[in-house]
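The following paragraphs are meant to be read beside the sequence and the structure, for someone meeting both for the first time.

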Amino acid sequence: MIDKIDFKMFRSLLIGGYERLSSQKEWVNNLNVFPVPDGDTGSNMTLTLKGGLSGDGNIVENSLLAARGNSGIILSQFLKGFVDAVNHKDQIDTRDFAIAIKEGEKTARNAIRNPVEGTIITVMKEASRCAIQSSRREGDFIRLLENIEKAAKLTLKKTPEMLPVLKDAGVVDAGGQGFVYILEGALYSLREHNLENDIVPHISKRLHIWKTLASIENIYRIRNLLDIGNHMVKIWQNRTIGMDLAWERVLSLIKNRKIKTIPALKQFARRLISVWERKIEYKYDVECLVRGENIEKQSLEEEIAPLGDSILVVDTPSLTKVHIHTNEPERIFEICSRYGELDDRFIEDMEEQQHEFITAKQDTETEIHQKVIIILPGDGLCEIAKSMGAEVIKSSNPSTKEVLEYLNSEDFHFVLPANGDAIPASLQALKCSKKSGVVIPAKTIPEGMSALLAYNPELEPNENEENMKEAIKRVKTGKVTISARDAQFGEVKVNKGDIISIFCSEIKVHKSIKEAVFELARKMEGEIFTLFFGIDTKKEDAEALLVQLKKEFSEKDFELYYGGQPFYQYIIGAE
Amino acid sequence: MIKIVTGDASDIPEDAVKKYDITILKHPLYFGDEEVTGISPEEFYRRVKEGEMPRTALLPTGLLVDTYEKLDTDTILSIHLSSKMSGTYNSALTAAEMVKDKVKVEVFDTGLTTLGQGMIVLESAICASLGKDIKSVKSKAEEVKSRVKMVLAIPDLNFLHRSGRLGKGKALLGAMMRIIPMITYSGGEIVPFGRVRTESQAMEKIKDEIRKDFAKFKAERLKVLLGYATDDKICQELEESIREEFSIEELHTLQLNPVVGVYLGPGAWGISYYPMGG
């Protein structure tokens, strides 16, 4: 139990918070839609905290000097209120800590000209309320921080309900998320645990999918996109509070029949896109320091207020920091210079930032990785499939459990049964695993191989699915085998040991393997015939047969590969 | 009038080169130490088939400087192959800087090669021939670049692989079944377009893509360049079936320049198309 902390320990909590935030800053950046979708909240908060922790130990002044952006300055004010409340003590208990958080929240709130609920300020408020309540019974810092973190997360989750722009954009508040990460990091530094980093679903990538949804006409592909949405929700839910809440929302709206038509669905997508792409009213983020004693903060604030929004004017005894979103940077500097000596002027073109943010090309790390898994019964077939980039399950008819073992990643899986009997197990496995993917219903080995060839890692999962399913239709399959038992197929009577050819559920008895293969070569249509010979067929015999085939059917193209499958002497694909 | 300069890594119909007065510089080409720059395609592919290994070099800055200075114009658009594939783009930038007191040279990175680059050159040259200013010609080049697609079928990827320019196309290597690898370009680099088993499947796949782009750009007509290394049979078939389905503004079939053939090998063929209108 930790019942007291000193300044050194407080600092190490803050370092924990900084480390967590800094490792998650891209995540926070990609939530940043309010007040301006410019994707820098995480970076700004990180810079602020880093500034506070470096230098001579004056956390308050250093963090203010380093503070960038709305959320950065709000965070620096939180630190100011917090530190001022405990500065006179060598050690503090949970009660002092809770009061300090309350003071931090108050100072931060007071700095904002027009506080908006549903942002970091709301998360701070609920965190401090919980801190006060919880500190009445909890003397242990770990328990206290656990409660605070829980309350903060709960509030964060509600931010879209409080601030409609967040709901439309399908995200929680970025600054609030940043604050939660700081609490998380602080808590985990007490527990001495490490947290895994989250994979960042970049906004540009997400918008791309929404844009596709807004523009396509094909109902089949829309369904497929929704599957991808489902997949993303699954990934993100496991890791942290849902990132793209819009997917969760749209999926539940469909489920509850609130969205019933494709146009309504597209309308939803368009609305989301328009929030991220909306035109910014005030183009520049302008910040500066005003140095001097007794600066009239109030009057400065009043003077710049008509020129923009997101105004923050905050101070320490020796300097004042000004932050505003405006279209007239020079006028702001001119006004500020009348109050004191200007320093550290900063102008950022947020329109440009926004453009880069929502159109940025992302590295492959953020793409949905795809994986093809094919079920094949022979070693030769497996080798061929591997050479074409698939993962292979060597089996004639695997159990659900066997398939399940291959569905172990966050990838989007394409399962190719290559065997009609293996389709149910494949479907069942995908369902049980709750992993994302689709079963491509290839019923034969040539169908499986064709589907595999049609796969292209450069394409989106829905395009691949379409191409692979198309590929299946292009290929026809014939088989040659020796009957294992006596049987009657319609008119055809087959005895055990008979050589038979099977094509399109038509079964024929032959005098020789050669005759069976020739029969298939005659019946099946296609330019190219691919023969896979089985484990019981000699390579020399297969090669001799190939020569004869080429001679007899000179207008057709034949290829021979060792398949190694049991039961079937030859499996032939024609396309 | 604005003059267009490019290198022979772009494939352009010969009559257009004359008609629009396009200056095409020849990339140095070697078999071993023997320089064969300007070799005829027939001889080039014959020697490749005999097993000789060709290589190319980027356009020398000096050659570019000379060319820029000697052209009778005050503004040049110098259009080159993907800067991710060759240093030529950078040579051109350097050369442009060196001649800037005498002639204004804008350098354009097509992000493509061969037929795709050729399409951009062709359209820019047509625009320049209408007496448009540099801003319009450049924005024409940009517009074509944003729409043009090139797809190449390359039975033997080893030429590209050895050159280190295959990029993500490596995913197409190593198949133990006979396939025809197809590539396209994205962001100035090669990416897989697909794997097919027969030429007719390759053609179908290309036509599918054209259909998609046609719809995407709400296009009305197509401008098409078809190219082959040694055998024009497939290009003829492809031309026939494209003409059947799409309204064609212009279509040319060319033999790919040796400097491109170095990387694509003797079996290669392909298409670039530019969906117009809409």
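**Overall form and aromatic contacts**

In this predicted model, chain B is built from 10 helices and 13 strands. Its radius of gyration is 18 Å, close to the 19 Å that the globule rule gives for 278 residues, so chain B is as compact as a globular protein of that length. The C-alpha trace of chain B spans about 60 × 50 × 30 Å along its principal axes.

Of the 278 residues in chain B, 58% are buried, while the chain exposes about 11500 Å², with 48% of that area supplied by carbon and sulfur atoms. Among the contacts in chain B with a separation of 6 or more, 73% are between residues 24 or more positions apart.

Turning to the rings, a search of the whole structure yields 18 aromatic pairs over all chains. One of them is the stacked pair of Phe10(A) and Phe82(A), whose centres are 4.9 Å apart and whose planes make an angle of 5 degrees. This pair links distant parts of the chain, since Phe10(A) belongs to helix H1 (residues 7-23) of chain A and Phe82(A) to helix H5 (residues 69-86) of chain A, 72 residues apart. Both Phe10(A) and Phe82(A) are buried, and ring pairs join them with Phe7(A), Phe78(A), Phe97(A), Phe141(A) and Phe179(A) in a cluster.

Rings in chain B also meet charged side chains: the charged end of Arg55(B) sits over the ring of Tyr30(B), 4.5 Å from its centre, and Lys205(B) lies over the face of Phe193(B), at 5.1 Å from the ring centre.

Definitions and conventions
Residues numbered from 1 in each chain as written. Chains lettered and ligands numbered in written order. Predicted model: local features only at pLDDT ≥ 70, side-chain atom pairs only at ≥ 80, totals over all residues. Heavy atoms only, no water. Phe/Tyr/Trp six-rings, centres within 6.5 Å; stacked < 30°, edge-to-face > 60°. Helix = DSSP H or I, 4+ residues; strand = E, 2+ residues; numbered from the N terminus. Buried < 20%, exposed > 50% of the residue type's maximum accessible area, 1.4 Å probe, protein only. Lys NZ or Arg CZ within 6 Å of the ring centre and 35° of its normal. Rg over C-alpha atoms; globule rule 2.2 N^0.38 Å. Contact = heavy atoms within 4.5 Å. Areas by Shrake-Rupley, 256 points an atom, 1.4 Å probe, with all protein chains shown as cover.
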